[in-house]
Amino acid sequence: SGQPDAAALTCDGRTLSYGELNRRANQLAAYLTSVGVKTGDRVAVCLQPSFDLVVALLGILKAGGAYLPIDTGYPVDRIAFTLGDAAVQAVVTRSSQLGLVAGSTAPIILLDRDADRLGSLADGNPAMSVPLESPCYVIYTSGSTGRPKGVQVTHATVMRLFTATERWFSFGTSDVWTLFHSAAFDFSVWELWGALLYGGRLVIV
């Protein structure tokens with residue numbers, strides 16, 4: 001957003017500005033880079049709907065990675081399978097969700113425990129150019145017909161979703177969207193980036 005003081009997120013009666021969202025996401029991106037995340041790497045996110053969730057998704061993208069959302073309501077065995085199958089480079093979560101991902105062999109970043117370290121990192125935009133054909137996110141199917149399968153979607157595909165529909169919806173800074181669906185369900189992509197790509201406000205339900 002060209003207006004850093006504009007409201008980016010609202011959750012539980014609190015508001016986070018675009019400037020603060022960007023700053024926190026940049027610091028997480030710097031942390032992820034320090035633990036080896038590179039362009040195209042998959043980074044799991046196991047967080048409840050919150051400011052932290054959006055900071056994590058944006059921070060992963062800023063580091064060049066692809067986010068793999070893990071619903072905190074999933075069974076532990078499904079989560080373990082997903083983390084192993086996706087060969088994640090890192091996991092972003094909080095102490096309250098650590099038990100869900102404790103079996104991961106990848107570095108685990110706890111946004112609450114590691115807050116001081118995160119807060120000490122550079123908060124400027126990373127000098128990173130991510131190719132449009134790089135993966136943006138990976139979402140796993142329900143697995144109702146067997147084991148869950150990861151579906152990888154590129155930045156180009158996400159951008160096409162919005163450029164193809166701009167003339168219908170006239171997206172803009174006055175829009176207010178709700179993040180109602182789980183980040184592990186692909187309709188959340190429409191909700192999240194429909195707001196944030198155009199400087200609107202996202203209400204986290």
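This report describes the open and enclosed spaces, two helices, the cysteines and some loop residues of one structure. The structure is a predicted model.

## The largest pocket

The largest pocket has a volume of about 600 Å³. Its lining is made up of 21 residues, and those lying nearest the centre are L58, L61, K62, W193 and L197. Four elements give two or more residues to this lining, namely α1 (18-34), α2 (51-62), α6 (155-163) and α8 (187-196). Among these contributors, α1 gives the most, with four residues. In chemical terms, the lining of the pocket consists of 15 nonpolar, five polar and one charged residues.

## The cavity

The structure also holds one cavity of 30 Å³ or more. The volume of this largest cavity is about 50 Å³. The residues that line the cavity are P69, I70, Y74, R78, T82, I139, Y140 and A184. The elements α3 (76-86) and β7 (135-140) each give two or more residues to that lining. By class, the cavity lining divides into six nonpolar, one polar and one charged residues.

## Helix α3

Which residues of α3 are buried? They are R78, I79, T82, L83 and A86. Two of the names, R78 and T82, also appear in the lining of the largest cavity. Seen down the axis of α3, the buried residues fall within an arc of 130°, and they therefore line one face of the helix. A general rule helps in reading this pattern: an α-helix has 3.6 residues a turn, so residues three or four places apart point the same way.

The other side of α3 carries the exposed residues D77 and G84. The buried residues are covered by elements that include β3 (42-46), β4 (66-69), β5 (90-93), α4 (98-101) and β7. Just after the helix, A87 takes a positive phi of about 50°.

## Helix α6

Helix α6, which was named above as a contributor to the lining of the largest pocket, can be described in a similar manner. The buried residues of α6 are H155, A156, V158 and F162. Because these residues fall within an arc of 160° when seen down the helix axis, they line one face of α6. Against which elements do the buried residues of α6 pack? Their partners are α2, β7, β8 (150-154), α7 (166-169) and α8.

## The cysteines

How many disulfides does the structure hold? The number is zero. C11 takes part in no disulfide, and the nearest cysteine sulfur, that of C46, is 17 Å away. Seen from C46, the closest cysteine sulfur is in C11, and the separation of 17 Å is too far for a bond. For comparison, a disulfide requires the two sulfur atoms to be within 2.5 Å. C11 is buried, with a relative accessible area of 5%. C46 is buried as well, with a relative accessible area of 0%.

## Exposed loop residues

The table below lists three loop residues with their places and their relative accessible areas.

| Residue | Place | Relative accessible area |
|---|---|---|
| D12 | loop between β1 (7-11) and β2 (14-17) | 71%, exposed |
| S129 | loop between α5 (115-119) and β7 | 69%, exposed |
| S170 | loop between α7 and β9 (176-179) | 56%, exposed |

These residues count as exposed because their relative accessible areas are over 50%.

Two of the residues in the table also call for a remark on the backbone. D12 has a positive phi of about 50°, although D12 is not a glycine. S170 likewise has a positive phi of about 50° and is not a glycine.

For S129, a distance may be added. How far apart are S129 and D186 in sequence and in space? The two residues are separated by 57 residues in sequence, and their C-alpha atoms are 24 Å apart.

## Summary

The predicted model contains a largest pocket of about 600 Å³ and a largest cavity of about 50 Å³. The buried residues of α3 line one face of that helix, and those of α6 line one face of theirs. The structure holds zero disulfides, and both C11 and C46 are buried. The loop residues D12, S129 and S170 are exposed.

Conventions
Residues numbered from 1 in each chain as written. Predicted model: local features only at pLDDT ≥ 70, side-chain atom pairs only at ≥ 80, totals over all residues. Heavy atoms only, no water. 1 Å grid on protein atoms, 1.4 Å probe; cavity = no way out; pocket = protein on both sides within 12 Å on 5 of 7 lines; lining within 4 Å. Points joined across faces, edges and corners; volume = space filled by probe spheres on them. Nonpolar A, V, L, I, M, F, W, Y, C, P; charged D, E, K, R; others polar. Buried < 20%, exposed > 50% of the residue type's maximum accessible area, 1.4 Å probe, protein only. Arc of directions from axis to C-beta. Contact = heavy atoms within 4.5 Å.
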